[in-house]
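Colleague: Could you take a close look at one chain for me and walk me through how it is put together? I would love one connected picture that I can follow at the bench.

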Amino acid sequence: MEYQFKTAEEVINLCKKHKISISELAKRYESERSGKSTANVRERMKRTRDVMYEAIQKGIKSNERSKMGMVGGDAKKIYKHINSTSKIMGNKVTLRAMAYATAVGEQNACMRRIVAFPTAGGSGVVPGVLFSCSEHFKAGKRKLLKGMFCASAVGLIIAEGATLSAAKGGCQAEVGAAVAMSAAGLTEMRGGTPEQCFHAAAIALKSYLGLACDPLGGLVEVPCIKRNAIGCMAAIGASDMVICGVTSFIPFDEVVQAMNNIAEIMSPKLRETALGGLAVTKTGNMIKRKLGLKVTTEL
Amino acid sequence: MSEDLSIFDIAGPVMVGPSSSHTAGACKIGQFARALFHATPTEVVFYLHGSFGEVYKGHATDRALLGGVMKFQTSDPRIRDAFEIAKEKNLKYEFIVKDLGENAHPNTVKIVLKNENSKMSVTGSSIGGGMIEITKVDNFDVLLHGRAGKYLSLVAQLDHNDECLLNFQKHINKLEDISVAAIDKSDFKKKTLAVISLEGRRIKLSEVIELEKLEGVDFVRSLSKLETQ
């Protein structure tokens, strides 16, 4: 297997050897393992992109609220302000990224179709960052696909070295992973080298290590959706820092090891069980009672 | 399933929200139950255990299970309207919260399907990220694996010998643009239950009927709706 990889180090070496980008390597990896042509793999990623686009477009126009009524309509509120630059401290790109990420999260909560990229809980960050930034670059759809392939390769390394499941590793494994993946994808889209992509991913992931998964009532709504939105800011920030010449002191592979170590130490109460953190606050317990769930802890 | 991860395990699956384990995985278990029943049910009862029993409403586990029993794919937007569609199809359904024992995985459901001729129960667990296990069919222990949004799969009941399965596989490989990605099998009442995961284009109804005519094959069913060309 010529294009196989499980670590960032292997990716960087393969990219050097073949003089290719991370996205190209990811495409060739998939083609090799599935026996399908790279054109076929690219087509499938295009379909994935189209589902994401549809979820974003529906989400930014929707007022629908989730069944429990905890979320809904925020994407529309944010998106309405993307041109009011005098009112907003961030810029159009970050605000739009947050609107898109919220849109996907809300669509997921309302039982609409989304791409679990890499999971349903962290599904907002990648489309948020990549679609908003590609609009800013006025980039063609080709560049967006590059970002998606690069992000997938980074996700694969996290899945191999640690986990992408909040039930195993908490929110660092879902939103945290998505932020790292987006930071790398964006860095490749703006012409960064494979090394720079992993510096961005490392800086991003380091900031999310140890994040608990403590959703209200166990539902993928609060705080998940807003965490996706804020995650976009972190991803764009990490990529910007790298473009300014900053590097991560700790290599990406070591950050992934650290993430796995934290996952092993983390209490099950903070791993998607709704038994700790925000889930057991006064508000969290109110939602639990509404759902008919047992209230185990009162803060 | 110790296979190399696909890029599309990360960039996917495409699914109807909100949860890969409680919605997409639940739908997959429903699909398995329907395929194993290999008939059209008129009545279906779901016994929900553990976390499935506690949070099924919030995660729409109920709609996803029912959608799966009606052969909806995990990305099918009609999952939202599964109750209404079941009523149109005159499929009676009921959800009952029940403790299925200490050893059951927290996300477990026992599905009992009935029509005027037959009755079957299928127990399955959603073990995370859309991956599922079928652990019991009619109180008979089995172990079959599935994964939401990855492959189109067939369920077949065959004579209990390796030759029969090999012959079956050989016939699938003859089909153009379809290849076998994985086979999972389990003993079942002196027979073999096999799950065949396919890659490539969608298999056609006529092709499934041909497969069913092979010697030693009791039945073949697709987990999701087939193209009728």
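Modeller: Happy to! Please keep in mind that this is a predicted model. Let's start with how chain B connects to itself: among its contacts with a separation of 6 or more, 65% are between residues 24 or more positions apart. As for secondary structure, chain B has seven helices and 11 strands. Its radius of gyration is 17 Å, close to the 17 Å that the globule rule gives for 229 residues, so chain B is as compact as a globular protein of that length. Along the principal axes, the C-alpha atoms occupy a box of roughly 45 × 40 × 35 Å.

Within chain B, the domain assignment gives two stretches: domain 1 covers 12-147 and domain 2 covers 152-222. Measuring from C-alpha atoms, the centres of domain 1 of chain B and domain 2 of chain B are 22 Å apart. The two also meet: 14 residues of domain 1 of chain B are in contact with 14 residues of domain 2 of chain B.

Now for the inside and the outside. Of the 229 residues in chain B, 55% count as buried, where the cut-off is under 20% relative accessible area. The area that chain B exposes comes to about 10,000 Å², and carbon and sulfur atoms supply 45% of it. Finally, the charges: chain B carries 29 positive and 31 negative ones, and the mean positions of these two sets lie 5 Å apart.

Key
Residues are numbered from 1 along each chain as its sequence is written. Chains are lettered from A and ligands numbered from 1 in the order in which they are written. This is a predicted model: local features need pLDDT of at least 70, side-chain atom pairs count only at pLDDT 80 or more; totals for chains, interfaces and linings use all residues. Side-chain values use heavy atoms; hydrogens and water are left out. Helices (H or I, at least four residues) and strands (E, at least two) are DSSP runs, numbered from the N terminus. The radius of gyration is taken over C-alpha atoms; the globule rule is 2.2 Å times the number of residues to the power 0.38. Buried means under 20% relative accessible area, exposed over 50%, partly exposed in between (1.4 Å probe, protein chains only). Contact means heavy atoms within 4.5 Å. Accessible areas come from the Shrake-Rupley method with a 1.4 Å probe; for residues, only the protein chains shown count as cover. Lys and Arg count as positive and Asp and Glu as negative; His and the chain ends are not counted. The place of a charge is taken as NZ of Lys, CZ of Arg, CG of Asp or CD of Glu. Domain bounds come from an automatic or database domain assignment.
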